[in-house]
Amino acid sequence: MKKYLVQFKPFLIFVSVFFLTYIVLTLLYKFYLNTYEAEELDGATMMAGQNAEQLLKLFNYDIIIQKSSQNPWQEIILNGKFIARITEGCNAVSVMILFVSFVAAFSRSLKKTVLFILFGLVSLYILNVLRIAILIVLVYNFPHYTRFLHGTFFPLVIYGYVFILWVFWINRFSKYAK
């Protein structure tokens with residue numbers, strides 16, 4: 001048994017660090033969400049919606065993203081027409097937790113790890129705001145593609161970007177990079 005533990009030590013360390021980080025961050029996020037009432041929307045989601053609205057206003061779109069008066073979401077109104085809602089899952093925090101967990105599991109230097117995580121989180125947030133803004137415009141102009149855009153295309157974009165960040169991290173900065 002000891003032979004196998006020694007042989008698979010790198011894998012076991014990776015899995016342990018990954019799951020420990022993932023569980024701790026997920027629990028912290030759930031604790032954060034539980035500080036809000038059932039009809040409230042969390043600050044991270046509100047900020048993502050506000051930033052998407054600001055971005056679209058920069059391009060002269062007639063956009064209003066407002067908190068629903070009775071529900072835990074933001075309503076998106078483009079050119080006077082209700083388009084969709086922004087809910088807690090739209091803030092990409094779960095994707096960010098997954099990203100951080102993977103990077104932490106392959107970390108070598110604390111400084112490089114922290115800097116890469118910060119870069120990754122900021123770039124994921126920006127990509128998510130762009131995703132929301134572009135999705136709003138595309139759903140308005142092509143409503144029959146809503147399921148494909150929201151359920152397939154944009155998840156591929158954001159998870160594809162996370163995958164590219166992971167590959168870059170492993171090949172350049174992780175303890176396994178040569």
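Start by selecting Ala-92, which at 6% relative accessibility counts as buried. Keep in mind as you look around that this is a predicted model. Ala-92 sits in the loop between strand 3 and helix 4. Check its backbone torsions too: phi is near 65°, a positive value in a residue other than glycine.

For a counterpart, jump to Asn-60, in the loop between helix 3 and strand 1. This residue also has a positive phi, of about 60°, although it is not a glycine. Is Asn-60 buried or exposed? With a relative accessible area of 70%, Asn-60 is exposed, whereas Ala-92 counts as buried at 6%.

**Zoom out**

Now show the whole chain as a cartoon. You should be able to pick out six helices and three strands. Following the chain from the N terminus, the order of elements is α-α-α-β-β-β-α-α-α. Along the principal axes, the C-alpha atoms fill a box of roughly 65 × 35 × 30 Å.

If you turn on a surface, about 11,200 Å² of the protein is exposed, and carbon and sulfur atoms supply 68% of that area. Of the 178 residues, 37% are buried. For those who like contact maps, take the contacts with a separation of 6 or more: residues 24 or more positions apart account for 64% of them.

**Helix 4**

Go back to Ala-92 and step forward along the chain into helix 4, which covers residues 93–105. A quick geometry check works well here. At 1.5 Å a residue, the 13 residues of helix 4 should span 18 Å, and the end C-alpha atoms are indeed 18 Å apart, so the two values agree.

How many of the 13 residues of helix 4 are buried? Eleven are, so this helix is mostly covered. Colour them to see the pattern: among them are Val-93, Met-96, Phe-99, Phe-102 and Ala-105. To find what covers them, show helix 2, helix 3, helix 5 and helix 6, since the buried residues of helix 4 pack against these four.

Next, pick Ser-101 within helix 4. Its relative accessibility is 0%, so Ser-101 counts as buried. Leaving aside residues up to four places away in sequence, Ser-101 touches Phe-18, Thr-21, Tyr-22 and Leu-25. Display those side chains together with the serine for a close view of its surroundings.

**The nonpolar core**

Stay inside the protein and look at the largest nonpolar core, which has 40 residues. Which residues touch the most other members? Select Ile-63, Ile-65, Ile-76, Phe-99, Val-103, Leu-124 and Ile-136 to see them. Two or more core residues come from each of helix 2 (9–34), helix 3 (43–58), strand 1 (63–67), strand 2 (74–78), strand 3 (81–86), helix 4 (93–105), helix 5 (110–141) and helix 6 (146–172). Helix 5 gives the most, with twelve residues.

Centre the view on Ile-63. Not counting residues up to four places away in sequence, Ile-63 touches Glu-53, Leu-56, Lys-57, Ile-76, Ile-77, Leu-78 and Ile-136. Two charged residues in that list, Glu-53 and Lys-57, make the next stop.

**A salt bridge in helix 3**

Side chains of opposite charge can pair when their charged atoms come close. Select Glu-53 and Lys-57 and draw a distance between their closest N and O atoms: the two are 3.5 Å apart, and the pair forms a salt bridge. The count for the protein comes to one salt bridge. Both residues lie in helix 3, four residues apart, about one turn of the helix.

The partners differ in how much they are covered. Glu-53 counts as buried because its relative accessibility is 14%, under the 20% cut-off. Lys-57, at 45%, counts as partly exposed.

**Last stop: the N-terminal end**

Finish at Met-1, in the segment before helix 1. At 75% relative accessibility, Met-1 counts as exposed. Add Tyr-4, Leu-5, Phe-8, Phe-11 and Leu-12 to your selection: with Met-1 they form a nonpolar patch on the surface, and together they have about 670 Å² of accessible area. Helix 1 (2–7) and helix 2 are the elements that give two or more residues to this patch.

Technical notes:
Residues numbered from 1 in each chain as written. Predicted model: local features only at pLDDT ≥ 70, side-chain atom pairs only at ≥ 80, totals over all residues. Heavy atoms only, no water. Core = buried A, V, L, I, M, F, W, Y, C linked by side-chain atoms within 4.5 Å. Buried < 20%, exposed > 50% of the residue type's maximum accessible area, 1.4 Å probe, protein only. Contact = heavy atoms within 4.5 Å. Salt bridge = Lys/Arg side-chain N within 4 Å of Asp/Glu carboxyl O. Patch = residues over 30% accessible without salt bridge, like charges linked within 9 Å, V, L, I, M, F, W, Y side chains within 5 Å. Areas by Shrake-Rupley, 256 points an atom, 1.4 Å probe, with all protein chains shown as cover. Expected span 1.5 Å × (residues − 1).
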